[in-house]
Amino acid sequence: MTDLTDLELLHELSDTAEREVDRHMGQAVQWHPHDYVPWSRGRDFAALGGEDWNEGQSELSPVARASLVMNLLTEDNLPSYHREIAENFSLDGAWGFWVHRWTAEEARHSIVLRDYLTVTRGVDPVELEDLRMTQMQHGFAPGMNSMLLSVSYVTFQELATRISHRNTAEVCNDPIADRMLARVAADENLHMLFYRNILGAAIDVAPAQALTAIHAVLTNFQMPGASLPHFRRDAVLMAKNGIYDLRQHRDAVVVPVLRKWKLLDRTDFTGEAARMRDLIGDFVDELEIRACKFEAARDRAIEREARRREPVAG
């Protein structure tokens, strides 16, 4: 069977896209970033006669700072995200409506996170702006140069981002941050549902193509901030502190999505689709092994650190 082109796939899935847009608009909550920012905690910086930032002003722990900055910079690259999804989807009909609506909703996330961090002096605003410039000048091109690769990537990425936001809230020790991040995470979950349901329909329309795209995304998955300076350092810090790690990636992102599609249990796949289903199953098993190794290494590191902190008998 000849593979469907992106144009053909968009046509075949247009009814699903319309239903998903209607569902999203029925469930989406209208909210405003300014309602989630503690403006009374703000004051001028030196350029306006106030005081510039110093680390002692931040009430956030190092892991909370790293996580919030990573989450914000992930949201920041909207021009690249808009371009990627517009090129791989369409600007016509329900597809075009979604491209613009999704972009507008994501923009609120970067607005509210940056306003919160600036007003509360949670992080160095100069460093944050320098990182934003680096992130946006580098752009974001994950190599997902087809409709199915693109929708596969955002299905898993949106859910990963939701989990990162919710877990970041737990280490901020600030009820305002908790409320803000819960709101952002709820948006991310709705976005994930749109993409997951589109991809679920694509599996029925073009199973071999869809499963090939899912396998490619899963085996090469990286978060959008992977090109940032200090990404590896901050990602390790976040993983060590339970913000986002391999166990969460497998158990809370990959497995639930595959289970929703009943992907690994389906027996109606043949040929290349069946082969790709088996490869995806093998990869899930591999993730389990890797997650166990990571957990064991993390536990050993925690034990070593605890021993170093023990007082020396005198």
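These are my notebook entries on the cores, helices, buried polar residues and salt bridges of this structure, which is a predicted model.

**Entry 1: nonpolar cores**

I began with the packing of nonpolar side chains, and found that the largest nonpolar core holds 60 residues. Within that core, F89, F156, Y195, I214, L258 and W261 touch the most other members. I then took Y195 as an example and listed what it contacts, leaving aside neighbours within four places in sequence: the partners are I85, F89, W98, W102, V151, V154, T155 and E158. There is also a second core, separate from the one above, with 28 residues, among them W31, L113, L117 and V123.

**Entry 2: helix 7**

I next looked up helix 7, which covers residues 147–172. Helix 7 has 26 residues, and the distance from its first C-alpha to its last is 37 Å, close to the 38 Å expected at 1.5 Å a residue. Of those 26 residues, 22 are buried, so helix 7 is largely enclosed by the rest of the structure. Just after the helix I noted N173, which takes a positive phi of about 55 degrees.

I wanted to follow one residue of this helix in detail and chose H165, which lies in helix 7. H165 is buried, with a relative accessible area of 0%. Beyond four places in sequence, H165 is in contact with N71, E75, L113, L181, V184, A185 and E188. I also checked H165 against H191, which is 26 residues away along the chain, and the C-alpha atoms of the two are separated by 14 Å.

**Entry 3: helix 10 and its two sides**

Which residues of helix 10 are buried? In this helix, residues 231–240, I found D234, M238 and A239 to be the buried ones. Looking down the axis of helix 10, I see that these buried residues fall within an arc of 140 degrees, so they line one face of the helix. On the other side of helix 10, R232 and R233 are exposed. The cover over the buried residues includes helix 3 (62–76), helix 7 and helix 12 (271–309). After helix 10 comes G242, whose phi is positive, near 75 degrees.

**Entry 4: D245 in the loop**

I then moved on to D245, which sits in the loop between helix 10 and helix 11 (246–261). Is D245 buried or exposed? With a relative accessible area of 7%, D245 is buried. I looked for what its side chain reaches, and found the backbone nitrogen of R247 at 3.1 Å and the backbone nitrogen of Q248 at 2.8 Å. Not counting residues up to four places away in sequence, D245 touches A239, F294 and R298; A239 is also one of the buried residues of helix 10.

**Entry 5: salt bridges**

I kept in mind here that side chains of opposite charge can pair when their charged atoms come close. For the whole structure the count comes to 21 salt bridges, and I looked up several of them.

The side chains of E59 and R41 meet in a salt bridge at 3.7 Å, N to O. Both residues lie in the loop between helix 2 (14–27) and helix 3, yet they are 18 residues apart, and the pair links distant parts of the chain. E59 counts as exposed at 68% relative accessibility, whereas R41 is partly exposed, with a relative accessible area of 30%.

For D187 and R183 I found a salt bridge whose closest N and O atoms are 3.4 Å apart. Both residues belong to helix 8 (residues 175–205) and are 4 residues apart, about one turn of the helix. An α-helix has 3.6 residues a turn, so residues three or four places apart point the same way. D187 counts as buried at 3% relative accessibility, and R183 is buried too, with a relative accessible area of 15%.

D278 forms a salt bridge with R277, with the closest N and O atoms 3.2 Å apart. Here D278 is partly exposed, at a relative accessible area of 40%, while R277 counts as buried at 15% relative accessibility.

My last item was a network of salt bridges that links R247, R250, D251, E288 and E295. I noted R247 for a second reason, as its backbone nitrogen is reached by the side chain of D245.

How values were computed. Residues are numbered from 1 along each chain as its sequence is written. This is a predicted model: local features need pLDDT of at least 70, side-chain atom pairs count only at pLDDT 80 or more; totals for chains, interfaces and linings use all residues. Side-chain values use heavy atoms; hydrogens and water are left out. A nonpolar core is a set of buried Ala, Val, Leu, Ile, Met, Phe, Trp, Tyr and Cys residues joined through side-chain atoms within 4.5 Å. Buried means under 20% relative accessible area, exposed over 50%, partly exposed in between (1.4 Å probe, protein chains only). Contact means heavy atoms within 4.5 Å. The arc is that of the directions from the helix axis to the C-beta atoms. The expected span of a helix is 1.5 Å times one less than its number of residues. A polar contact is a pair of N or O atoms within 3.5 Å; within protein, one must be able to donate a hydrogen and the other to accept it, and residues adjacent in sequence count only if both atoms are side-chain atoms. A salt bridge is a side-chain nitrogen of Lys or Arg within 4 Å of a carboxyl oxygen of Asp or Glu.
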